[in-house]
Amino acid sequence: MAKKVLQKKVLSEQIREQLMESILSGDYKPGEKLVENTLAKEFGVSQAPVREALKSLETLGLVAVEPYKGTTVKRFGRESMHEYFVVRSALEGLAGRLAAENITEEELEELERLLADMIEAAEQKDFERRSEINQVFHNTIIEASHNSLLVSVCKNVRLGSWSRITSKYTNMESKTMASRHQEMVTFLKNRDADGIERALHRHIQESFDSFNRSFYADECEVEQAR
């Protein structure tokens, strides 16, 4: 029974991330309806994992679910994205501080391995793999806090999914994006809580700025022309 639940959960997460990407890329427009049974047919699954994915998207503020009206895509504006980055910065900064105190040698070795793999993927221009490794890297720092409540909160707000999706809209050079994680590993090795917190805050702010320039490029051009 446990195995079936796990498989179902993984499937709903995969569907959620694909729908997130479609919404952020504009494949689904604001106000467009997302019909559960139609999506189930498109993904070749039952309606249950689609229903779970849509509930997650509602929690993230990407869709609105109304009784008798169904699920519709919400307009995703700068204010919504700013809220996400503020929360992410606070949560990951705290996780970094705790990780500096509690991280194990095995977890440090795992971060170094992930960093090497991330840089390799960037050099090979394997964007998808680099994005996936980036998500695991940040999740590993959160797990290294060894604070079960914080880990649970981060999972509930889907920080990993946001990190992976938003990284696809950055205009930052891929190798630079991967290499800047090196200082995080160094601060954690040195058990420098202030350093890792500052590094994570700076990292997330730079990601926010880069995302804004890329995702809202048309709006930026209009503002600059004024």
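**An enclosed cavity, a hairpin and a helical contact**

The second largest cavity encloses about 30 Å³ of space, a cavity being a set of points on a 1 Å grid over the protein atoms alone where a 1.4 Å probe fits but cannot get out, with points joined across faces, edges and corners and the volume taken as the space filled by probe spheres set on them. The model is predicted, so that local features need pLDDT of at least 70 and side-chain atom pairs count only at pLDDT 80 or more, whereas totals for chains, interfaces and linings use all residues. Residues are numbered from 1 along each chain as its sequence is written, and side-chain values use heavy atoms, without hydrogens and water.

The structure holds 2 cavities of 30 Å³ or more. Lining residues, which have an atom within 4 Å of a point, include Arg88, Glu92, His138 and Ser163 in the second largest cavity. Helix 4 (78–102), helix 6 (127–143) and helix 8 (159–166) each supply at least two residues of this lining, and helix 6 gives the most, with 4 residues; helices (H or I, at least four residues) and strands (E, at least two) are DSSP runs numbered from the N terminus.

Strand 2 (residues 63–66) and strand 3 (residues 70–73) run antiparallel and are joined by 4 bridges, pairing requiring at least two DSSP bridges. Val65 stands opposite Thr71 of strand 3, and in the hairpin, with 3 residues between the strands, Tyr68 takes a positive phi near 70 degrees.

Ala116, found in helix 5 (residues 105–123), lies 8.9 Å from Ala178, C-alpha to C-alpha, although the two are 62 residues apart in sequence.

Key
1 Å grid on protein atoms, 1.4 Å probe; cavity = no way out; pocket = protein on both sides within 12 Å on 5 of 7 lines; lining within 4 Å.
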